[in-house]
Each structure stands twice: as C-alpha cells, then as structure tokens.
Amino acid sequence: MASKLPSSESFSIEPAESPTDVQYAAGLVLKEEWHIAEYDFPIIKSLSPDRFYIAKLKGRNIGCLVILMVNPNHAYIHSFIIEEGYRGRGYGTRLFDVVLASLGPSCSVTLDSVENMAPYYEQRGFKRFWTADLYNCSVTAVSHYLSKLEELPHVHITASLEEISFDALAAYDDSVSGEPRSSWLKKWIFESDGSSWVAVDKTGKIVGYTVCHALLTDTLKSEKKRYRISPLFANDLLTAKHLLKAVADYCLAKEERADYTVLCLQFATTNPGALNLCRELKGEFKETFVKMYSEGAKEQDTSRTYVYYPY
C-alpha cells in the first residue's frame, strides 16, 4: 500500500485507494472536457498502483495527479487537475512538485500541456518536444473523403491481431514512441474494449498500426458519440490514410446515427503528412497541445506519428 506524501496539517496528498477515488479523478477529467475512455484509469491504476494521487484540503478532495509508469525509468503525467475553486492558491504547485520529487532523479517525465500552461512547466525544467492540434471530424465525412483512396501496394490492413506477433508490434511501437512500453500496449489493445488495425507489408513487416476507443461522454453537454484514435503510427501517408479509413468504416458500421458520430484526431503538427491530412479532412479545430519532456526523456519519431493522443 502506498503511503501519504509530505503534507501540511490541512493539505495532504494521498494515494487513491478506493474505486471512489478513481471515479473522482475521472469526474474531474470529464468536467474539463478532456478525452477519457472507460478503461483508461483502470489500466493506469493496474500498471502504476502507487502513482495515483488525490489532493485533499481539510479532508476534502480538491484535485488529482495521475501518473502512468510507462517503464521503470519513464513516467507520463496523465492527469493533473485542481478543482476550479481552489486554483491560484498554490495547491497545484505543491501537488506537482512533491509528486515529481518522489519519482527520483533517474526517472524521466513527459506530459501534454495546453499552450497557456506550457510556461508553467518550462519554469519547472520541462522542454517542448512538438505540438499536436486536436480536431473533431465527422466520421461520415472522413469515410467519404477516404472512399476513393488509391490502392496500397504490397501492404494489407488487418484487424485480426492473432495474425500479428505482439513482440513485433511492441517493437514497432517502441521505435516510434521512443520509450519501451509493451506492458501498457498489451493492456491498451487487449484489455481496453478498443479495436485495432495493423498494416503489414508483403514480407510480414509491420509498417503502421492504430487503436480506436469509444470515449466517455458527458451527455448533458453532448449527445454525440465520440471515438478517440490513439495512436496512428505509419511509415507513410498512404498507409496512414488506409488505417484511418478502416477506423471510419468500423465506426460507421457500429453506430446507428453516423451523423452523431465524431472521430477525435490529434494531428502531429511537425509531420507534414499529418498536417496535409488534417487540412483535407476539414474537421472542427478544438485546441493545441504541447508535448513536453524532462531531462533524459527520449524523443518520439514524429515523421511516423500521424494521430496521437497520449495514453
């Protein structure tokens, strides 16, 4: 069992021990209108049971900081939220600094920030990797646009993962993401109620893959069904388009009201092919995220990163 982190008499940082704590953190994420799927937090909790923190003030929950240990030497900050009424009073900074200090100097850290928060993280030693623009795209429009794609020579797309060596898929993912993360990837694909597609060339070599999850939706704010693609890695733009088409066709077949179905796509802006695809799909721009890293973190291969929504 994890122990409390250093705190003051009225402010404490405590490990999330109960399902209620996890539900509280998920509720904060939904309130911020961030993207979360049903299995996101259970997967993180199973991989990083001692890195799921709740901030309390006089015993009342006021925020959370959720960390995914991607591997023993690398952490990803998944969620860092202080309730609106408690912001600007130093609680978030105390939560952030104490938790990061507990990781130790040998652990590198990455996170995704909205643009206006990036200076806050830069003051704490983080540097910018690259940016990604989030768009909501109608699944009907995506499927229609990609309906007349040219053939993909010598490559086939499969959703039958029993045909694929998981070790080979994990190796491909590592080569793009920069960090070994096979334990996470296995749960992301096989234990998350998601759907996956892999692109394989005629020699059996993996040249791309993607995973799609249905998102939890605050029905008071939106009746639309949303799907998140994360990630979409591919060796070239045409392969990326065919993988995206497979996702769009799947969603069209699954949903009765296709006009109420949206693909949430976060395009890597440092990849010219991803930017081109983004412009062609003509989705609704939502916001820009900044990928940030601490000293020692490995760089991601953005030339093969088309759509990316972290963990």
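Leaving aside its neighbours within four places in sequence, which residues is lysine 127 in contact with? Keep that in mind for a second while I get the ground rules out of the way.

What we have here is a predicted model, where local features need pLDDT of at least 70, side-chain atom pairs count only at pLDDT 80 or more, and totals for chains, interfaces and linings use all residues. Residues are numbered from 1 along each chain as its sequence is written, and side-chain values use heavy atoms, with hydrogens and water left out.

Okay, back to lysine 127. Its partners, neighbours within four places aside, are Lys291, Met292, Tyr293 and Glu295, where contact means heavy atoms within 4.5 Å. Lysine 127 sits in strand S6, residues 127–138. Helices here are DSSP runs of H or I with at least four residues, strands are runs of E with at least two, and both are numbered from the N terminus. With a relative accessible area of 46%, lysine 127 comes out as partly exposed. The cut-offs there: buried is under 20% relative accessible area, exposed is over 50%, and partly exposed is in between, using a 1.4 Å probe and protein chains only.

From lysine 127 we can hop to lysine 241, 114 residues apart along the chain, with 31 Å between the two C-alpha atoms. And lysine 241 takes us to a helix pair, since it is one of the H8 residues touching H9.

So how do H8 and H9 cross? Their axes, for residues 237–254 and 272–281, come within 10 Å and cross at roughly 45°. The axes are lines fitted to C-alpha atoms over the stretch in contact, and angles run from 0 to 180 degrees between N-to-C directions. That makes the two helices oblique to each other; under 35 degrees would be roughly parallel, over 145 roughly antiparallel, 65 to 115 roughly perpendicular, and the rest is oblique. The crossing is right-handed, meaning the near helix is turned clockwise from the far one by less than a right angle. On the H8 side we have Leu237, Lys241 and Leu244, and on the H9 side Gly273, Asn276, Leu277, Glu280 and Leu281. By class, that is four nonpolar, two polar and two charged residues. Nonpolar is Ala, Val, Leu, Ile, Met, Phe, Trp, Tyr, Cys and Pro, charged is Asp, Glu, Lys and Arg, and the others, Gly among them, are polar.

Now the rings. We pair Phe, Tyr and Trp rings (the six-membered one for Trp) if their centres lie within 6.5 Å, calling planes under 30 degrees apart stacked, over 60 edge-to-face, and the rest tilted. That rule gives 17 aromatic pairs. One of them is phenylalanine 80 with phenylalanine 96, tilted, at 5.2 Å centre to centre and 40° between the planes. Phenylalanine 80 is in strand S4 (74–82) and phenylalanine 96 in helix H3 (91–103), so the pair ties together parts 16 residues apart in sequence. Both phenylalanines are buried. Tyrosine 120 and tyrosine 121 have ring centres 5.3 Å apart and planes at 90°, so that pair is edge-to-face. Those tyrosines are buried too. Ring pairs link Phe80, Phe96, Tyr120, Tyr121 and Phe126 into a cluster.

Last bit, backbone oddities. The peptide bond from serine 230 to proline 231 is cis, omega near -10°, and proline 231 lies in strand S10. Glutamate 33 has a positive phi near 65° without being a glycine, in the loop between H1 and H2.
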